[in-house]
Amino acid sequence: MDYFTASPKPANLDRQVTLARAFIQQHAEQHRRVALVTSGGTTVPLENQTVRFIDNFSAGTRGATSAEYFLQSGYAVIFLHRQFSLLPYSRHYSHSTNCFLDFMTHNDAGAVVIESEYQQQMAKVLDQYRKAKRENTLLLLPFVTVNDYLWLLRELAIQMQPLEANGLFYLAAAVSDFFVPAARMVEHKIQSSEDYHQDVTNGDGDRPPAAHMEDKRLIIDLDPVPKFLKQLVDTWAPRSMIISFKLETDPSLLAKKAKGALQKYSHHLVIGNLLNTRKWEVLFVAADGSERWIRVPLGRRTRSVTGKDGDTIENAEPREPSIEIESWIVPEVAQMHTEVISKGKVEMQRH
Ligand code: PMT
């Protein structure tokens, strides 16, 4: 059965699509490019009334940072992100690494103020944030589960079709490859204790529920998530530029896997990255088969939060201000997008 027939539509989908439709219409009328930036990890619930779920490492740094540089490059951005992951602008002052309280103090009169050394940087971020709000160029749409993500991706892609080549997909989210199909999901919390009889009737006939207890062990038997990139490229967004990411941990696989994805899906660009070095180096693999590394030099690298850093500023403070690799990635992508748009125009004139 088709995934969307077999999987429940998220309760807030219609509301999110309504917001997106108005946003896209505004920017289509203004002939502005629109980037759909996906960001953060998807969860895989094990129960309908979810107590337990499978998650992944993604903090949303790539997506949130890239979104800012897209806005700086004149794009409107639909930021499809994991709820409570990093957000454009607020990321500078959020979560435990950049806790906003660390940037504040209070004066003798008790008024809370920003510490003087952070004023300039914060004023810059604040101005950019306010500009995005004033011009309505940033739409934040959250997801939690892999199912939320897939429904949203499909609906947003369809909504973006009127943008034609001005639409760009920048798929930085870490989407789960495996999930529990609705037909094999138990309703209630899985009981670890033998004292309670667990209703395990919600299997799909031949198979038991995807997550269940067996001899005091929790058995999890997940189905593969269908590969939607093909559908995105061929059917949902055939006129848009599409950029996917490829994450690996084994350096010897990265280029091969990135090229394989391009061959399989025939989109425009794969940006490869390795878990431990993703904050300062990425591999561009383009549709013509060309490969190029982009690397931030040692001493200009930003601190990695989740990766194992080795030679970032955890060991050595940079002498010069650090460079966010997304400040190099996004302008390159925007330049490639310009080429895709003009190629599309030439082809249109030919027909
Ligand atoms: O968030 P950070 O901590 O900054 O980390 C950033 C990142 C490492 C998560 C990011 O740079 C990255 O590499 N994201 C893609 C991870 C990956 O390997 O994805 P994949 O191979 O499962 O999928 C390939 C591409 O298709 C990805 O662009 C993915 O977003 C997209 N995809 C995959 C499956 C699916 N069902 N829908 C999708 O859109």
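Buried means under 20% relative accessible area, exposed means over 50%, and partly exposed is what lies in between. The model on screen is predicted.

**Stop 1: Arg 52 and Glu 47**

Select Arg 52 first. At 29% relative accessibility, Arg 52 falls between the two cut-offs and therefore counts as partly exposed. Now add Glu 47, whose side chain meets that of Arg 52 in a salt bridge with an N to O distance of 3.3 Å. Glu 47 has a relative accessible area of 0%, so this residue is buried.

**Stop 2: the ligand**

Select the ligand and show what lies around it. The surrounding shell holds 23 residues, and the closest are Ser 58, Leu 171, Ala 173, Lys 246 and Asn 273. Sorted by class, the shell around the ligand has 14 nonpolar, 5 polar and 4 charged residues.

Which elements each supply at least two residues of this shell? Colour helix H3 (61–72), helix H5 (146–159) and strand E13 (241–248) to see them. The most comes from E13, which gives 4 residues to the shell.

Next, display distances from the oxygen atoms of the ligand. At Ser 58, an N or O atom of the side chain is 2.6 Å from a ligand oxygen. At Leu 171, the partner is a polar backbone atom, 2.5 Å from an oxygen atom of the ligand. At Asn 273, the side chain again provides an N or O atom, 2.6 Å from a ligand oxygen. On its own the ligand has 780 Å² of accessible area, and the protein covers 93% of this.

**Stop 3: Thr 137**

Go to the loop between helix H4 (116–134) and strand E7 (138–143), where Thr 137 is placed. Is Thr 137 buried or exposed? Its relative accessibility is 6%, which is under 20%, so Thr 137 counts as buried. Leaving aside residues up to four places away in sequence, select what Thr 137 touches: Phe 23, His 27, Arg 32, Leu 71, Tyr 75, Ala 76, Val 77 and Ala 132.

**Stop 4: further salt bridges**

The model has 20 salt bridges by the rule used here. Select Glu 291 and Lys 259, whose side chains meet in one of these, at 2.9 Å from N to O. This pair links distant parts of the chain: Glu 291 is in strand E16 (residues 291–295) and Lys 259 is in helix H7 (residues 251–265), 32 residues apart. Glu 291 is partly exposed, with a relative accessible area of 41%, and Lys 259 is also partly exposed, at 31%.

Which residues are joined into one network by salt bridges that share partners? Select Arg 184, Arg 207, Asp 221 and Asp 223 to display that network.

Then move to Asp 14 and Lys 9, which form a salt bridge with their closest N and O atoms 3.0 Å apart. The relative accessible area of Asp 14 is 47%, so Asp 14 is partly exposed. For Lys 9 the value is 44%, and this residue is partly exposed too.

**Stop 5: Gln 191**

Finish in the loop between strand E9 (178–179) and strand E10 (211–214), and select Gln 191 there. With a relative accessible area of 26%, Gln 191 is partly exposed. Add Asp 234 and draw a C-alpha to C-alpha distance from Gln 191: the two are 44 Å apart in space and 43 residues apart in sequence.

Terms used. Residues are numbered from 1 along each chain as its sequence is written. This is a predicted model: local features need pLDDT of at least 70, side-chain atom pairs count only at pLDDT 80 or more; totals for chains, interfaces and linings use all residues. Side-chain values use heavy atoms; hydrogens and water are left out. Buried means under 20% relative accessible area, exposed over 50%, partly exposed in between (1.4 Å probe, protein chains only). A residue is near a molecule or strand if one of its heavy atoms lies within 4 Å of it. A polar contact is a pair of N or O atoms within 3.5 Å; within protein, one must be able to donate a hydrogen and the other to accept it, and residues adjacent in sequence count only if both atoms are side-chain atoms. Accessible areas come from the Shrake-Rupley method with a 1.4 Å probe; for residues, only the protein chains shown count as cover. Ala, Val, Leu, Ile, Met, Phe, Trp, Tyr, Cys and Pro count as nonpolar, Asp, Glu, Lys and Arg as charged, and the others, Gly among them, as polar. Contact means heavy atoms within 4.5 Å. A salt bridge is a side-chain nitrogen of Lys or Arg within 4 Å of a carboxyl oxygen of Asp or Glu.
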